[in-house]
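Me: I am new to this structure and would like a close look at one part, the aromatic rings and what surrounds them.

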Amino acid sequence: QGQLVESGGGLVQTGGSLSLSCAVSGRTFSRNAMGWFRRAPGKDREFVASISWTGSIAYYADSVKGRFTISRDNSKNTLYLQMNSLKPEDTAVYYCNVVVSDYRSALGSWGQGTQVTVSS
């Protein structure tokens with residue numbers, strides 16, 4: 001699936017916004033569904049959002065629905081996550097990955113992720 005490089009994380013106050021990007025190397029990007037996952041301190045990695053390879057269908061975890069928007073630009077081999085109305089419980093390292101047909105499970109190896117910290 002190629003290399004995954006996440007960026008855009010940072011420190012933001014409650015109610016603020018951040019935009020994350022995931023650059024994907026490899027020639028199969030446009031034919032793969034992609035997703036965002038996150039791991040909070042002391043917790044397991046969890047599903048956040050995913051998008052079909054055409055960009056026509058998106059799925060979200062209940063915890064972020066209505067606040068986060070996933071998108072992709074296949075011409076740039078880049079996946080995005082717009083995060084609005086951030087809460088302290090959104091604090092985590094965010095990762096991108098290829099997802100399989102259930103749109104909830106990652107397929108490839110993990111990158112380094114990008115840290116998102118939301119202050120109360």
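How exposed is Y59, in terms of relative accessibility?

Reply: The model is predicted. Y59 has a relative accessibility of 28%, so Y59 counts as partly exposed. Buried would require a value under 20%. A search of the whole structure finds 4 aromatic pairs. In one of them, Y59 and Y103 are tilted, with 4.8 Å from centre to centre and 40 degrees between the planes. This pair links distant parts of the chain: Y59 belongs to strand 6 (residues 58–60), while Y103 is in the loop between strand 9 and strand 10 (114–119), 44 residues apart. Y103, at 17% relative accessibility, counts as buried.

Another pair is formed by Y95 and W110, which are edge-to-face, 5.8 Å centre to centre and with 70 degrees between the planes. Here too distant parts of the chain are linked, with Y95 in strand 9 and W110 in the loop between strand 9 and strand 10, 15 residues apart. Y95 is buried at a relative accessible area of 10%, whereas W110 is partly exposed at 32%. Both rings belong to one aromatic cluster with F37 and F47.

R45 is placed over both of these rings. R45 lies over the face of Y95 at 4.4 Å from the ring centre, and the charged end of R45 sits 3.9 Å from the centre of the W110 ring.

Strand 9 also holds C96, which forms a disulfide with C22 of strand 3. The sulfur atoms of C22 and C96 are 1.8 Å apart. C96 is buried, with 0% relative accessibility.

Methods:
Residues are numbered from 1 along each chain as its sequence is written. This is a predicted model: local features need pLDDT of at least 70, side-chain atom pairs count only at pLDDT 80 or more; totals for chains, interfaces and linings use all residues. Side-chain values use heavy atoms; hydrogens and water are left out. A disulfide is a pair of cysteine sulfur atoms within 2.5 Å. Helices (H or I, at least four residues) and strands (E, at least two) are DSSP runs, numbered from the N terminus. Buried means under 20% relative accessible area, exposed over 50%, partly exposed in between (1.4 Å probe, protein chains only). Rings of Phe, Tyr and Trp (its six-membered ring) pair if their centres lie within 6.5 Å; planes under 30 degrees apart count as stacked, over 60 as edge-to-face and the rest as tilted. A charge sits over a ring if NZ of Lys or CZ of Arg is within 6 Å of the ring centre and within 35 degrees of the ring normal.
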